[in-house]
Amino acid sequence: MKPCPICGGPGRNKSKVGDCWLLKCQDCRFVYADATDQQIEQVNFQYGEFAEHHYAEVQGGMDYLWFDRISARLTRSGSGLRVVDSSCGNGVLLRQFQKRDCICTGSDPSPWARTCAERYGYALLPRIEEADIEPESFDIITSTSALEHIGRPMEHVERVFALLKPGGTAYFTVPNYGSLPIRLHLVTGRLVNPPGHCNYFTAGTLKNLFRQGGLKDQVGGTRVRSYGIPEIHGLYQRFTKRGAKVTQLSRGAVPGRPRLKKVLVAFYYWSGTPFGLGDKLEALVEKRA
Ligand SMILES: [Zn+2]
């Protein structure tokens, strides 16, 4: 049985989903899939050419607005910031940082990510765990929708902090295992599908991750919060898909009225914050200066 990938504690069977057991750590209560690195790698990292098409289908205008908001929040401290986005895929987030005059680097081992990096003009590295990068060289590191897919999440987060400059900011997002639809057992498949998603964070277990081992000496302010309208049976997606498609948009803004867009994205964000029941979790974590 796999030990807890966060604290190394012993796991106990929690529930079986398909052929895969979900385990719960007896020490820190983290829920994770009882799967080997190879099994996780096999389902998650098939980098066919269909990937770009897939993201073109699933990303809507709201994702674009959301990434715009994230990059605006993270770049308040100045311009010319050095940014790396881990698992950058089609670069939709990096393009928002480019718009704000950041020096952008993506990290993603897939060939289709290479095509996108060339198209939009940012540097591309392999996985940050393996890439040859000078330590403490970035002001901002983002890792969105990645930690739930990574067999060794601690290794990933430790590397992020090694690459951040003192005083720099890391930003992570993951699905919320404590969300309303999951608590009410209204969604399974897309969100609870081990080993595709191999780590199931709640606000508490995500916060706990940044207190492990050598991290607690490096980590300064940490804010973990749920956000995003709780989505039930894809209802909400059906509405937001009417927005512009991300891949049809280049470096400009989403067409439409700017004030309305601001209201929309604020509603999307704040509707998921009460009682920590939103669809996603974000962690904004500073590295000590
Ligand atoms: Zn644990």
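This is a tour of a predicted model, with stops at a zinc site, two nonpolar cores and some salt bridges.

**Stop 1: the zinc ion**

Select the zinc ion, then show the side chains of Cys4, Cys7, Cys25 and Cys28. Each of these cysteines gives its SG atom as a donor, at 2.3 to 2.4 Å from the metal. What is the arrangement of the four donor atoms around the zinc ion? The arrangement is tetrahedral, because the donor atoms subtend angles of 101 to 115°.

Now follow the donors along the chain: their spacing reads C-x2-C-x17-C-x2-C. Pick out Cys4 and Cys28, which are 24 residues apart and link distant parts of the chain. Cys4 is in the segment before strand E1 (11-17), while Cys28 is in the loop between strand E2 (20-25) and strand E3 (31-33). Are these two cysteines buried or exposed? Cys4 is buried, with a relative accessible area of 5%, and Cys28 is buried as well, at 15%.

**Stop 2: the nonpolar cores**

Next, select Phe161, Phe172, Phe201, Leu206 and Phe210. They are the residues with the most contacts inside the largest nonpolar core, which has 33 residues. To see where this core comes from, colour the elements that give two or more residues to it:

- the strands E2, E7 (138-144), E8 (164-175), E10 (219-227) and E11 (280-287);
- the helices H6 (153-163) and H8 (203-209).

Which element gives the largest share of this core? The answer is H6, with five residues.

Centre the view on Leu206 and show what surrounds it. Leaving aside neighbours within four places in sequence, Leu206 is in contact with Leu147, Val174, Phe201, Val224, Leu281 and Ala283. Apart from the core just visited lies another, of 30 residues. To find this other core, select some of its members, including Tyr64, Val83, Tyr122 and Tyr171.

**Stop 3: the salt bridges**

Side chains of opposite charge can pair when their charged atoms come close. How many salt bridges does a search of the whole structure find? The search finds nine, and the tour visits some of them.

Select Glu41, Arg127 and Glu130, which are linked in a network of salt bridges. Between Glu41 and Arg127, the closest N and O atoms are 3.0 Å apart. Arg127 also meets Glu130, with an N to O distance of 3.8 Å.

Zoom out to place Glu41 and Arg127 in the chain. Glu41 is in helix H1 (residues 37-44), and Arg127 is in the loop between strand E6 (123-125) and E7. The two residues are 86 residues apart, and their pair links distant parts of the chain. Glu41 is partly exposed, with a relative accessible area of 34%, and Arg127 is partly exposed at 22%. Glu130 is exposed, at 55%.

Finish with Asp139 and Lys165, which form a salt bridge whose closest N and O atoms are 3.3 Å apart. Asp139 is in strand E7 and Lys165 in strand E8, 26 residues apart. Asp139 is buried, with a relative accessible area of 18%, whereas Lys165 counts as partly exposed, at 28%.

Definitions and conventions. Residues are numbered from 1 along each chain as its sequence is written. This is a predicted model: local features need pLDDT of at least 70, side-chain atom pairs count only at pLDDT 80 or more; totals for chains, interfaces and linings use all residues. Side-chain values use heavy atoms; hydrogens and water are left out. Donors are N, O and S atoms within 2.8 Å of the metal (3.2 Å for Na, K and Ca); water is not among the atoms, so sites may look incomplete. Four donors count as tetrahedral if all angles lie between 85 and 135 degrees; four count as square planar and six as octahedral if opposite donors are over 155 degrees apart and all others between 65 and 115; anything else is irregular. Helices (H or I, at least four residues) and strands (E, at least two) are DSSP runs, numbered from the N terminus. Buried means under 20% relative accessible area, exposed over 50%, partly exposed in between (1.4 Å probe, protein chains only). A nonpolar core is a set of buried Ala, Val, Leu, Ile, Met, Phe, Trp, Tyr and Cys residues joined through side-chain atoms within 4.5 Å. Contact means heavy atoms within 4.5 Å. A salt bridge is a side-chain nitrogen of Lys or Arg within 4 Å of a carboxyl oxygen of Asp or Glu.
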